[in-house]
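Visitor: I am new to this structure and would like a close look at a single part of it, taken slowly and with care. Please start from one element and then follow the connections outward.

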Amino acid sequence: MELAGKVVVVTGGTRGVGAGIASACAGAGARVVVCARRPPEVASEGVEFAAVDLRDAGAVREFLEGVVERYGRLDVLVNNAGGTPHRLLGEGEAERHARVVELNLLVPMAVSLAAYGHLRASGGCVVMVGSVSGGRASPGTAAYGAAKAGLENLARSMAVEWAPEVRVNTVVLGMVRTELSHLHYGDAEGVAAVGRTVPLGRLAEPSEVGEVVVFLASERAAYVSGASLLVHGGGERPAFLEASTVNKEK
């Protein structure tokens, strides 16, 4: 029960990675509130839902103040809300790409700023949910990759500015198996094939991401701030190794 007595807010925590994070935090003893525009299709034990448009700064402030009023504190903010459809840069208007950047970078910044006073009072922490797309080329999701790169840098700057009262870290995710995996990787065969490209041989499960967030939110990570923790199963095998005609593994 590493998070017993703590109050955790997870943005976009109604499905996929966010739901895995919320469930793990609840399992570790925290009071968990998830917020999104729509409620979850399946309720998670120990997780409360609040309908919030995260692009509405006033609504976000009101929501966080309500959480503190109800539970007396806010200890952990997990900025998980985000995502993007597959869209090549030349196939979408600038406004559409700008909305992707807004959701994946500007929204986490705004929510963190709204939560800062509450987190400072509790000596709490922020966990950003980043992506390996922020550290490599991201064809088809270029705006998303750019936003995630910015998010990781933002977290490092926040960790310096808000220390020592508030810790800020990023979990940098590789591929995760969620209910939307088919949109990116295809059918079950496609998901399995993509998983085989990962050194550990499979995609991550949302619950595994959740356990990493629990660690970063707990006292075990009391001296961890400004860190980017790779959760990607070993990353990606370099393409040149497959193309090469020498030094093949036997």
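Which residues of β1 point one way, which point the other way, and are they buried or exposed?

Guide: Before the answer, one caution is in order: this is a predicted model, and every value below is computed from it. In strand β1, which covers residues 7–11, the side chains of Val7, Val9 and Thr11 point one way, while Val8 and Val10 point the other way. Side chains in a regular strand alternate between the two faces of the sheet. Residues on both sides of β1 are buried, and the strand as a whole is described as mostly covered, with five of its five residues buried.

The neighbours of β1 come next. Strand β2, residues 31–36, runs parallel to β1 and is joined to it by five bridges; within this pairing, Val8 has Val32 as its bridge partner. To get from β1 to β2 the chain passes through helix α1, residues 16–27, and this β-α-β crossover is right-handed. Strand β4, residues 76–79, also runs parallel to β1, and three bridges join the two. Here the bridge partner of Val8 is Val76, so Val8 is a residue with a partner in β2 as well as one in β4.

From the strand we can turn to the empty space inside the model. Rolling a probe the size of a water molecule over the atoms shows where empty space is left. The count comes to one cavity of 30 Å³ or more, and the largest cavity has a volume of about 40 Å³. The residues that line this cavity are Thr84, Pro85, Arg87, His97, Val100, Gly140, Thr141, Ala142 and Ala143. Two or more of the lining residues come from each of the helices α3 (94–122) and α4 (142–161). Sorted by class, the lining consists of four nonpolar, four polar and one charged residues.

Those two helices also lead to the salt bridges, of which the model has 12 by count. One of them joins Arg120 and Glu165, whose closest N and O atoms are 4.0 Å apart. This pair links distant parts of the chain, since Arg120 sits in helix α3 and Glu165 in the loop between α4 and β6 (167–173), 45 residues apart. Arg120 is partly exposed, with a relative accessible area of 45%, and Glu165 likewise counts as partly exposed, at 31%.

Another salt bridge brings together the side chains of Arg136 and Glu236, at 2.8 Å from N to O. Arg136 belongs to the loop between β5 (125–131) and α4, whereas Glu236 belongs to the loop between β7 (228–231) and α8 (239–243), so the pair ties together parts of the chain that are 100 residues apart in sequence. Arg136 is partly exposed at 39% relative accessibility, while Glu236, with a relative accessible area of 51%, is exposed.

A further salt bridge, between the side chains of Glu152 and Arg156 at 3.6 Å from N to O, lies within a single helix. Because Glu152 and Arg156 are four residues apart in helix α4, about one helical turn separates them. Glu152 is buried, with a relative accessible area of 18%, whereas Arg156 is partly exposed at 38%.

Methods. Residues are numbered from 1 along each chain as its sequence is written. This is a predicted model: local features need pLDDT of at least 70, side-chain atom pairs count only at pLDDT 80 or more; totals for chains, interfaces and linings use all residues. Side-chain values use heavy atoms; hydrogens and water are left out. Buried means under 20% relative accessible area, exposed over 50%, partly exposed in between (1.4 Å probe, protein chains only). Two strands pair if DSSP finds at least two bridges between them. A crossover is right-handed if, with the strands pointing away from the viewer, the path from the first strand over the helix to the second runs clockwise. On a 1 Å grid over the protein atoms alone, a cavity is a set of points where a 1.4 Å probe fits but cannot get out, and a pocket is an open set with protein on both sides within 12 Å along at least five of seven lines; lining residues have an atom within 4 Å of a point. Grid points are joined across faces, edges and corners, and a volume is the space filled by probe spheres set on the points. Ala, Val, Leu, Ile, Met, Phe, Trp, Tyr, Cys and Pro count as nonpolar, Asp, Glu, Lys and Arg as charged, and the others, Gly among them, as polar.
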